[in-house]
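Biologist: Could you walk me through this model before I start on it myself? I would like to hear about the overall layout and then the interior.

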Amino acid sequence: MSMNTGSMSYRDEIKHLVDADREYLWHPFTQMKEWREEDPVIISEGRDCFVKDVRGRWYLDAVSSLWVNIHGHRKKEVDEAIQGQLGKIAHTTFLGLGNIPAIRLAERLLSLTGRAFTGLEPRLSKVFYSDNGSTAVEVALKMAFQYWMHRGMPEKRSFLSLTNAYHGDTLGAVSVGGVDIFHHTFAPLLFPTFKAPAPYCYRCPLRKSCPECSLACLKEMEEMLERHSPEIAAVIIEPLVQAAGGMIIWPEGYLRGVRELCTRYNVLMIADEVATGFGRTGQMFACEHEQVVPDLLCLSKGITNGYLPLAVTLTTDTVYNAFLGEFRELKTFFHGHSYTGNPLACSAALACLDVFEKEQTLGHLPPKIALLQEKLAEIATLPHVGDVRNKGLMAGIELVRERDSKEPYPWEEKMGWKVAYAARQYGILLRPLGNVLVIMPPLSLSGENLGLLMDFVKTSIITATENGSL
Ligand SMILES: *Cc1c(COP(=O)(O)O)cnc(C)c1O
């Protein structure tokens, strides 16, 4: 929509946008009754790690536009790659046709995982495209299911997932999810799964403490696999960080333990790195931290720097080869989307990987991670902060009403949001998960701005928790 045109003043134009948003839109994960009573922030442009609203106010994008932005907004290389591809073709189907950026990106991703997982088994060697994190997970689940069918073990058709897991919002992804507040409503529509306790050490579901527990939660998973592996196709996990479940950071060894169990009990391992992939944890992939390779790897969010929707499910020759056969055998993987392998999105993703190399994005992270940890340690001393945790540049700050008893704020109190609104006064955009504040800035955020961000977060926590209300 153009601004300042015709007889409308700029103020009228803003009012029109606000009214039209309230009148016509339904926002995701949003109680619209409340939204319509708020003064919405409507974004008009962005630069680096900042976004600007129609009223001309700039904000630090501290959640990377919901975890997708890695290199900042309006990244020249990505802009140019998309413009270059626009001069050729924007979209063509991937059903029955190939295209250049999709081929190049597959090569590039496999060389990336090849380097990340050198010398480890299994080897990821095939790329299946889709459009978002949820579909990357659906693809992995369906592949795993059909794989065992082709292997002559159709009774291996269930999945084992974790409590507090989040794998997306489509029904298959919700079935393997474990965040009650999102997922409970849809329970009657879901397929049953086995649920193992998450290694959520601050609130251990087994009431133990780490490391004295020797990963008792992993033992529980093992017992389930011991009993049920003949019915289980795959274990699905978010390696190292259960992000949407509350930025839960796993104790060392748990991820490796899951891989070992999957191998021992002959089930596939699906690693959902939709949130953790592309450098968020300090390594390109979270699985690298424990030298683990899954049988299926789901990637999305950071893949195009948030420019265009794209996702991939990577897998091995073992899985892929099981689907090979004569046409009439119907071993084909019957799954695909209209926008699968979109050339614009793939060219954006290629440019993002170029930026990783050119700017040595990962190499610049260690001092930023150290600074983040230093600031988190300060925040940890606040009276209403129960726990702080991070892996790389993904951090969670868990607010509590009572520190010693770990008594949470009742969720209806929306304490996370109170802090987020306080932070907005300082020009910072946050999106909490219940009582957990999420800090997940673009990897390109400067150390200086990261320090400022954390200082404002600290002040905002004090304001919101001490004043009670705002
Ligand atoms: C965000 C997320 C998804 C879902 O991705 P969408 O693109 O929102 O569908 C799946 N898994 C994990 C781990 C995520 O963080």
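Modeller: What follows goes through the domains, the cores, and the empty spaces, and please keep in mind throughout that this is a predicted model.

Biologist: Fine, so which domains is the protein divided into?

Modeller: The division gives domain 1, made of 41-70 together with 362-467, and domain 2, which covers 83-358. Taken over C-alpha atoms, the centres of domain 1 and domain 2 are 27 Å apart, and the contact between them takes 31 residues from domain 1 and 27 residues from domain 2.

Biologist: And the interior, how many residues does the largest nonpolar core have?

Modeller: That core has 105 residues, and those with the most contacts inside it are Met221, Ile397, Leu453 and Ile461.

Biologist: Where does that core lie relative to the domains?

Modeller: It lies between domain 1 and domain 2, because both of them give residues to it.

Biologist: Take Ile461, then; what is it in contact with, leaving aside its neighbours within four places in sequence?

Modeller: With those neighbours left out, Ile461 is in contact with Ile379, Leu382, Val385, Ile397, Leu399, Val419, Leu437 and Glu466. Ile397, one of these partners, is itself among the residues with the most contacts inside the largest core.

Biologist: What about another core?

Modeller: Another core, of 26 residues, lies apart from the largest one, and its members include Tyr147, Phe159, Ala233 and Phe333.

Biologist: Changing topic, which residues lie nearest the centre of the second largest pocket?

Modeller: Those are Phe128, Met143, Tyr320, Phe323 and Phe333, out of a lining of 15 residues; Phe333 is also a member of the core of 26 residues. The space in this pocket comes to about 430 Å³.

Biologist: Which elements build that lining, and what classes of residue does it have?

Modeller: The elements that give two or more residues to the lining are β4 (124-130), β12 (311-316) and α11 (317-322), with β4 giving the most, at three residues. By class, the lining of this second largest pocket has nine nonpolar, four polar and two charged residues.

Biologist: Last thing, how many cavities of 30 Å³ or more does a search of the whole structure find?

Modeller: The search finds one, and the volume of the largest cavity is about 100 Å³. Of the 15 residues lining this cavity, Pro199, Cys201, Cys204, Cys213 and Cys217 are the closest to its centre.

Biologist: And its lining by class, what does that have?

Modeller: The lining of the largest cavity has 13 nonpolar residues, together with one polar and one charged.

Definitions and conventions. Residues numbered from 1 in each chain as written. Predicted model: local features only at pLDDT ≥ 70, side-chain atom pairs only at ≥ 80, totals over all residues. Heavy atoms only, no water. Core = buried A, V, L, I, M, F, W, Y, C linked by side-chain atoms within 4.5 Å. Buried < 20%, exposed > 50% of the residue type's maximum accessible area, 1.4 Å probe, protein only. Domains from an automatic or database assignment. Contact = heavy atoms within 4.5 Å. 1 Å grid on protein atoms, 1.4 Å probe; cavity = no way out; pocket = protein on both sides within 12 Å on 5 of 7 lines; lining within 4 Å. Points joined across faces, edges and corners; volume = space filled by probe spheres on them. Helix = DSSP H or I, 4+ residues; strand = E, 2+ residues; numbered from the N terminus. Nonpolar A, V, L, I, M, F, W, Y, C, P; charged D, E, K, R; others polar.
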